[in-house]
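Work through the following exercises with the sequence and the structure side by side, and try each task before reading its solution.

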Amino acid sequence: MSSPLEDLRARLEAFFAAEAEREVTEEGELLFDLRTAQFRLEENRGRLLLHLWSPQRNWVRRVLAIAEETPARLVLEVERFGRAGPARLVIAPPRRSTLSERERATARRHFSAWLARLLAREFPRARVEGLTTAADLKRSFSGLYTRAVLTEANGRDSWAVLGVGESEDSTAVDGLLTYALIWLDWNRRRAPERVWAGLRLFVPAGRARTTANRLAVLAGHLRVELYEVDAEESTCARIDPGDFGNLETHLEHARVAEAVRARTRDTVARLRALAPEDVDAHVVGGREEVALRFRGLEFARVTPGGVSCGLGRRPAAPAPLTEKNLRGVAALLRSLQRERAPGGPARSRWYRAQPERWLESLAAGSPQKIDPRLAPERVLRQVPAVSAGERGVADLLGATRDGQLLVIELKASTDVHLPLQALDYWLRVRWHQQRSSFARAGYFAGLALRPEPPELLLVAPALQFHPTTEALATYLAPAVPVTLVGINEDWRREIQVVWRRRLGAGM
């Protein structure tokens, strides 16, 4: 007779095995599209862990129970690291993937009209100007948002307004603040005679956490009012960013990773010996697993159940490492050595895959090329962990010889969101720094960390910084020292810094 844990696992495996399009949401927030994400179930110390990951996100939850179950929809009670009480996880057919572009445009127009009525109701003495959803690529205005100017009755004081509708996914909602600052900055330059009071932002109810967290490190003089809205209920509630409590972040003790490395040392060594100069091994946060990457691309994972090998969304199930499958891995690596190499075939999917991870592997191996104050032994990857946040950048955390923390964000291509995405990681590093968590968790042993806020290095090929990056950085608080580091376009051969620019915070 199977145990309750075995029964729970079997039911989940059966549900995941069905060939169907599904997405994963938690408390209403879209986390994963299972067509592009990988997943694994694991029993760990009497608990069932569900692990999902994609190039942007690494996510683990403890499954407590199945709350609802149908052939198409599964609702789970899950436990999150560092959070009190269970959360509600829904795995179901996509809510919005069937919408055509015409339907999406219609939903945005409806939201825009509703927001106009809401502004008139909530700010009856103000005048709404230029309300639109039209995209403008030249000025980096996105068509996902409704933007407007709200001018007070005195005709002089104005607010830049940006809103996003319920039909948009979490990436669009979390990107609101980037485009709001771009909108405000453009208006300030277009009409300097006006007094620009600040920003008024409107996000769907229950989806304001990322924006609220980022507001904590904007320049103090910049006024921002954040509202959660529900078009169906016609509600609008101003929220206090401070009400969201602690950041979602997790810092495991260094000895946990060391224990995993010790248990997997022999297996990892056999795999790394196949291409020792190009294969890195990393303990997966929150897991008793080691991921092996060839120039940043994961090709194998050592788990308690064996070794899982392969490229793509769903690698082979874990199995003991034998001479036969070791030969298979060796053949795979020979293929990667041909295709994922400097000057390799640009059309190869493996050459193009996960460029940030490739850049990360080079930067972590020779961090002094990014900043001469760094040494490889004082550079950590994805520590602390960022929970439930979309991230298209790679993170490194380093400490200089005199104890100054450096947060290094790496991007291989142009991304308008780079400065504010970097803040997600900077905020968590600063949170742990202020609580002396790094020393207690065994990181940077023997080094006294300085109390000053971490420096933020934004690293990308010199020609790949978005035109708005510097303007966005000026809206950060002085506590966030930012330096742009432009590297050579052919960084796959060797990283070289082309220029370095320290930005002043505040305007």
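The exercises below concern one helix, one hairpin and one open sheet of this predicted model.

**Exercise 1.** Work out whether the end-to-end distance of helix H10 (residues 418-434) agrees with its number of residues, and describe its course and surroundings.

*Solution.* Begin with the length: at 1.5 Å a residue, the 17 residues of H10 should span 24 Å, and because the end C-alpha atoms are 24 Å apart, the two values agree. Next, follow the course of the helix, where a kink of about 25 degrees is centred on Asp424. Then count the buried residues, taking buried as under 20% relative accessible area: 15 of the 17 residues of H10 qualify, so the helix is largely enclosed by the rest of the structure. Finally, look just past H10, where Ser436 has a positive phi of about 55 degrees.

**Exercise 2.** Determine how strands E3 (residues 38-44) and E4 pair, and which residue has a positive phi in their hairpin.

*Solution.* The two strands pair in the antiparallel sense over 7 bridges, and Leu41 has Leu50 of E4 as its bridge partner. With 2 residues between the strands, the hairpin includes Arg45, whose phi is positive, near 55 degrees. As for the surroundings, 6 of the 7 residues of E4 (residues 47-53) are buried, so this strand is largely enclosed by the rest of the structure.

**Exercise 3.** Identify the edge strands of the open sheet of 4 strands.

*Solution.* The order is E15-E16-E17-E18, with antiparallel pairing. E15 (279-283) and E18 (306-309) each have a single partner strand, so they stand at the edges, with one side of each left without a neighbour in the sheet. The twist averages 20 degrees from one strand to the next. Between E16 (residues 290-294) and E17 (residues 297-303) there are 5 bridges, and Leu292 stands opposite Ala300 in E17.

Note on methods: Residues numbered from 1 in each chain as written. Predicted model: local features only at pLDDT ≥ 70, side-chain atom pairs only at ≥ 80, totals over all residues. Heavy atoms only, no water. Expected span 1.5 Å × (residues − 1). Bend = angle between axes of the 7 residues up to and from the residue. Buried < 20%, exposed > 50% of the residue type's maximum accessible area, 1.4 Å probe, protein only. Pairing = 2+ DSSP bridges. Axes fitted to C-alpha atoms, helices over the stretch in contact; angles between N-to-C directions.
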